[in-house]
Amino acid sequence: MRAIQISDLKTLKSIEIDAPPAPNAGQALVRTHRMGVCGTDISCYLGKFPFFDFPRIPGHELGVEVLSVGQGVTHLSPGDRCSVEPYMNCGTCYPCRRGATNCCQNLKVIGVMMDGGLCESFLVRADKLHPSKKLSFDQLALVETLAIGCHANDRADPQPADHLLIIGMGPIGLATLEFAKLTGAKITVMDMNSDRLSFVQETYGIDNTIRFAGDGSEVKQMQELTGGDMYQSIVDATGNRHSMAGALNYW
């Protein structure tokens, strides 16, 4: 069976691997139809991601088809189109028992700490598959990214007429913006890249945009846009520690 592996630093290799066996209880065998390339994948390829070891088959943003299911799996059937929740929490550690599965002490992310979906087919825990009769495989591969934006928006909890600042207009920032627009909040977006800001204006109709220049002019613009109140909620979608520290000054 064919797969693509990040075999070493900045090295992709086409490899042959054994086909997976029939699924055990609680598992499903799936075929990969689409895989999104995440910033995490690029960091792994460049050797910059701390939880990644070579060699590894990448792929965690996935649109898959169910081929077969193991004993006890009732919410899936062969032929189902699914998105994949790539975070394999253990379910037994203290954070998991409290429902904080993202803080699992034994967390494994497919495509990062264990082989992922850039292969013809693979086994996955059935509870991590989310079927859809409406979404295409292209759309299903984006569900994981959109879920991060949805979660960020839920955590920020902007109220109608609140001022909300989203920093960073990459994929996660755009995903956050999609859900923020539904809240009725007054949205400002900030980025260093003028092209990204132009895209947001043209595509999403967001007029309140600020290009970060690092010279302090941003603060004056934010005060003008909020009538001096600044922001009730801020989402930092850059992943940059300097940006996150600076966000505390805007809040």
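1. Before we start, a bit of vocabulary: helices (H or I, at least four residues) and strands (E, at least two) are DSSP runs, numbered from the N terminus. With that in hand, we can say that β5 (81-84) and α4 each give at least two residues to the lining of the second largest pocket. Keep in mind as you read that this is a predicted model.

2. Let's get the overall picture. The chain has 251 residues, and 42% of them count as buried. You can pick out eight helices and 13 strands. Along the principal axes, the C-alpha trace spans about 60 × 40 × 40 Å. Take the contacts with a separation of 6 or more: 63% of them link residues 24 or more positions apart.

3. Now for the sheets. Start with the five strands that form an open sheet in the order β8-β3-β4-β5-β9, paired in the antiparallel sense. Its edges are β8 and β9, each of which pairs on one side only. On average, neighbouring strands here are turned by 45° against each other, if you ignore direction.

4. Zoom in on one pair from that sheet. How many bridges join β4 (residues 61-69) to β5? There are three, and the two strands run antiparallel. If you want a landmark, find Glu65: its bridge partner in β5 is Arg81. As background, strands of a sheet pair through backbone hydrogen bonds, either parallel or antiparallel.

5. The other option turns up in an open sheet of four strands, β12-β11-β10-β13, where the pairing is parallel. β12 (209-211) and β13 are the edge strands and have a single partner each, so one side of each has no neighbour in the sheet. From one strand to the next, the twist averages 15°. Within this sheet, β10 (residues 163-167) and β13 pair over four bridges. Look for Leu165, which stands opposite Ile234 in β13. A helix joins in as well: α5 packs on the sheet and touches β10, β11 (186-191) and β13. The direction of α5 makes about 160° with that of β10.

6. On to the pockets. The largest pocket holds about 1,300 Å³ of space. It is lined by 38 residues, and the closest to its centre are Cys38, Thr40, Ile148, Ile172 and Ala237. Which elements give two or more residues to this lining? They are α1 (39-45), α4 (143-156), α5 (171-180), α6 (194-204) and β13 (233-236). The largest share, seven residues, comes from α4. By residue type, the lining divides into 23 nonpolar, nine polar and six charged.

7. The second largest pocket has a volume of about 520 Å³. Its lining has 16 residues, with Glu85, Tyr87, Asn102, Ile148 and His151 nearest the centre. You've met Ile148 already, among the residues closest to the centre of the largest pocket. Helix α4 comes back too, supplying the largest share of this second lining with six residues. Here the split is seven nonpolar, five polar and four charged.

8. Next, have a look at Lys128, in the loop between β8 (121-125) and β9 (129-132). Is Lys128 buried or exposed? Its relative accessible area is 4%, and buried means under 20%, so Lys128 is buried. Leaving out residues up to four places away in sequence, Lys128 touches Ser83, Val84, Glu85, Tyr87, Met88 and Asn89. Two of those names, Glu85 and Tyr87, also appear among the residues nearest the centre of the second largest pocket.

9. Leu12 makes a nice contrast. You'll find Leu12 in strand β2 (residues 11-16). The cut-off for exposed is over 50%, and Leu12 has a relative accessible area of 54%, so it counts as exposed. Leu12 still has contacts beyond its neighbours within four places in sequence: Ile4, Gln5, Ile6 and Tyr45. Leu12 and Arg56 are 44 residues apart in sequence, and their C-alpha atoms are 9.8 Å apart in space.

10. Last one: Phe212, in the loop between β12 and α7 (217-226). What does a relative accessible area of 29% make Phe212? That value falls between the 20% and 50% cut-offs, so Phe212 is partly exposed. Phe212 and Asp8 are 204 residues apart along the chain, with 36 Å between their C-alpha atoms.

Methods: Residues numbered from 1 in each chain as written. Predicted model: local features only at pLDDT ≥ 70, side-chain atom pairs only at ≥ 80, totals over all residues. Heavy atoms only, no water. 1 Å grid on protein atoms, 1.4 Å probe; cavity = no way out; pocket = protein on both sides within 12 Å on 5 of 7 lines; lining within 4 Å. Points joined across faces, edges and corners; volume = space filled by probe spheres on them. Nonpolar A, V, L, I, M, F, W, Y, C, P; charged D, E, K, R; others polar. Pairing = 2+ DSSP bridges. Axes fitted to C-alpha atoms, helices over the stretch in contact; angles between N-to-C directions. Contact = heavy atoms within 4.5 Å. Buried < 20%, exposed > 50% of the residue type's maximum accessible area, 1.4 Å probe, protein only.
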